[in-house]
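Student: I would like to go through this structure slowly, asking at each step why a label has been given to a feature. Could you set each value against its rule for me?

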Amino acid sequence: MRTSIATVCLSGTLEEKMRAAASAGFDGIEVFEPDLVVSPSSPEQLRELAAELGLSLDMYQPFRDGVEVAPETFPDSLRRLRAKCELMNRLGTTVLLVCSNVATGVLDDDQAIAEQLRTAGDVADEYGIDLAYEALAWGAHVNDWRHAHRIVELADHPRVGTCLDSFHIFSRGDTVAGVEKCDPDKIFFVQLADAPLLQQDVLSWSRHHRVFPGEGDFDLVDLLGRLHECGYAGPVSLEIFNDSFRQADVYRTAVDGLRSLRWLEDQTADAVRDAGGEPEREPLVLTDLPAPQTPDDWDFVELRTRELGRVTRLLHQLGFSLAGHHRSKDSVQAWTQGPVRIVVSEDPGATVQPTRLAALGFQVADPDLAAYRAERLLARAVDRAQQPDETVLHGVLAPDGTELFFGPHGNHGVPPWLGEFGADQDDAASGALITGVDHVNLAQPWQHYDEAVLFLTSLLNLHPTSSQEVAGPSGLVRSQVMRSEGNTVRIPLNVAPMAAEQGAFTGAAYPEHVALACSDVVAVARRARRRGLAFLPVPRNYYEDLVARFDLDPEFVAELESHGLLYDRDEHGEFLHFYTATLGEVFVEVVERRGGYEGFGAPNAPVRLAAQYREFGG
Ligand SMILES: O=C(O)c1ccc(O)c(O)c1
Ligand SMILES: [Mg+2]
């Protein structure tokens, strides 16, 4: 599959956008006219730069309000068209995107529109240029792809074809049924954009909220599968108008974009095969990736700290014991309790945060395959020193800087690397109150949020659930849970409010947390209090509200209060939990799920955010 990206997706100058697209590995780009108009490079220089970078210039766009116009203004459209064709000849681009008319359109007769397109096709033919007609969702008369395609068929000109853009199709609630039956020679270009489902006017939705495939709610696999079936031969191009992308690092966005296409291609190849088709069929060969290695369990959580004493005291208070020091890295310790392993690495030079969540380890069926898939999805590998006889753990860097490691299944759940800490593995299971890692919450800078969702979806096969918003003193915190099929690995992603990033939150900008599961949270809390744990304080008002909200026995609520526990309930069961005070950038939560409670205590998150805000002196 030939991949392309519209320059409107990326930040910076046209030249920077081109370099980033090439460096990520795209085959080509769509040149967005406003990027060219403001560039000091001549079309010839841009053509040369593209050749140097190995990029094809797949399309020039947009040509606005050129057709569907009053007969007396059509000659002016043709004058503009000639100017653009001349420019495109200098650039070396052969496809021009012609948008359906949004402003000046007065023709509402398909035959008359087809005639204008045919005349435009004759002009374009003089320059060897193809016109790809695109129905904008807010087009005055032509706003759905079937209509645009019908007019293209009526025009019946070899230089006139259709441009399909997934956003304009799905945003109108339309489907792509029938794409598979189109004449592939009449589909000149394909643009892909995903988007979250929003209740908003379609123009603002399109201009601000498009995202890369896999980051929104549209069924792009369906579209790509049908294009494959129809025999479409051209590039598949990303066209994303997005406010964050316009500000983000251009290289990073380009990599995120290509990752989205590789993932979509893989998903579509699987879907085509499941339907009994052949993904390798020319011309749109759908290359698939090695099968995703869904994490079957947590392997470890790693905390990096310059305050070793504070971290190990916290672990002891929560019931962990030291399994040992790593045999070749003395600054690294393993702490265990039941099936939970926490690696603590001392980093005396840590400057930004004294303690942070540095890495997450997952147990997968085939770690080598997981690493290979990650590489194909353009993830950056983590380089860690290790001795020849030590377990190889493949790691990749997540968008927020957390390192993710793929480890093998353990022997009776105990991973081979634990032996390098001299741990007596039989100790681990006896008398542990903690029974597992319930979830790990990662905080995302707002501009990397969508990238993080796609990263965890494509690399770890985690699935996003619908997002929620939680009110905190410095803003609304968006939260979305990424979970594995079997629900063993759950990673809620939080977007820190802007105020946090700007330092209004004087402590941790993005506190993250590890939530430990247990079957008796009162016992864990009691032991922790005896050992001197600093709990995150919960105000009296909260408990009074609990009684009112849930009609709970005041004695039960008094018991919750005496242990510093919070409470929630859903139709499946109950949730009791507590939070520790924050160390650097991390805190720990201990949770007990009674019955089949499915949530994460979201109604209690504002209590936590407010307490943490006070903890850091607001
Ligand atoms: O928002 C627009 O104007 C616009 C322009 C060109 C496109 O291909 C498109 O999908 C939207
Ligand atoms: Mg488009």
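Tutor: Let us begin with a bridge, keeping in mind that this is a predicted model: Leu566 has His577 in E24 as its bridge partner.

Student: What makes E23 and E24 a pair of strands?

Tutor: Two strands are called paired if there are at least two bridges between them. E23 and E24 are joined in the antiparallel sense over 4 bridges, so by that rule they count as a pair. The connection between E23 and E24 is a hairpin that runs through 3 residues.

Student: How do you know that E24 pairs with E25 as well, and in which sense does it do so?

Tutor: The same rule of at least two bridges applies, and E24 and E25 have 7 bridges in the antiparallel sense. One of the partners can be named, since Phe575 is matched with Arg593 in E25. A hairpin is formed here too, with 6 residues between E24 and E25, and Gly584 in the turn has a positive phi of about 60°.

Student: Why is E24 described as mostly covered?

Tutor: A residue is buried if its relative accessible area is under 20%, and in E24 this is true of 6 of its 7 residues.

Student: Why is the pair of Phe550 and Tyr567 called edge-to-face?

Tutor: There are 16 aromatic pairs in the model, and in this one the centres of Phe550 and Tyr567 are 5.3 Å apart with 80° between the planes. Rings pair if their centres lie within 6.5 Å, and planes over 60 degrees apart count as edge-to-face, so the values for Phe550 and Tyr567 satisfy both conditions. Phe550 belongs to helix H16 (residues 540-550) and Tyr567 to strand E23 (residues 566-569), so the pair ties together parts that are 17 residues apart in sequence. Phe550 and Tyr567 are both buried.

Student: What makes the pair of Phe575 and Tyr597 stacked?

Tutor: For Phe575 and Tyr597 the centres are 4.6 Å apart and the planes make an angle of 10°. Planes under 30 degrees apart count as stacked, so this pair receives that name. Phe575 is in strand E24 (residues 573-579), while Tyr597 is in the loop between strand E25 (586-595) and helix H18 (605-615), 22 residues apart. Both Phe575 and Tyr597 are buried.

Student: How do you know that Arg593 lies over the face of Phe600?

Tutor: The distance has to be within 6 Å of the ring centre, and the charge also has to be within 35 degrees of the ring normal. Arg593 is 5.2 Å from the ring centre of Phe600 and is listed as lying over its face. In a further case, the charged end of Arg608 sits over the ring of Tyr579, 5.5 Å from its centre.

Student: Why does Arg376 count as partly exposed?

Tutor: Buried means under 20% and exposed means over 50%, with partly exposed in between. Arg376 has a relative accessibility of 23%, so it falls into the middle class. Arg376 is part of helix H12 (residues 367-376), and beyond its neighbours within four places in sequence it is in contact with Arg262, Thr287, Asp288 and Leu289.

Student: What makes helix H1 largely enclosed by the rest of the structure?

Tutor: Of the 11 residues of helix H1 (residues 14-24), 8 are buried, so the helix is largely enclosed. Among these buried residues are Leu14, Glu15, Lys17 and Met18. The buried residues of H1 pack against several elements, including strand E1 (3-6), strand E2 (28-32) and helix H10 (250-274). After H1 comes Gly25, with a positive phi near 115°.

Student: How many cavities are there by this rule, and how much space lies in the second largest?

Tutor: There are 8 cavities of 30 Å³ or more. The second largest holds about 110 Å³ of space, so it passes that cut-off. It is lined by 16 residues, and those closest to its centre are Arg64, Leu136, Trp138, Glu239 and Phe241. Strand E3 (56-63), strand E4 (95-99) and helix H8 (202-208) are the elements that each give two or more residues to the lining of the second largest cavity.

Technical notes. Residues numbered from 1 in each chain as written. Chains lettered and ligands numbered in written order. Predicted model: local features only at pLDDT ≥ 70, side-chain atom pairs only at ≥ 80, totals over all residues. Heavy atoms only, no water. Phe/Tyr/Trp six-rings, centres within 6.5 Å; stacked < 30°, edge-to-face > 60°. Buried < 20%, exposed > 50% of the residue type's maximum accessible area, 1.4 Å probe, protein only. Contact = heavy atoms within 4.5 Å. 1 Å grid on protein atoms, 1.4 Å probe; cavity = no way out; pocket = protein on both sides within 12 Å on 5 of 7 lines; lining within 4 Å.
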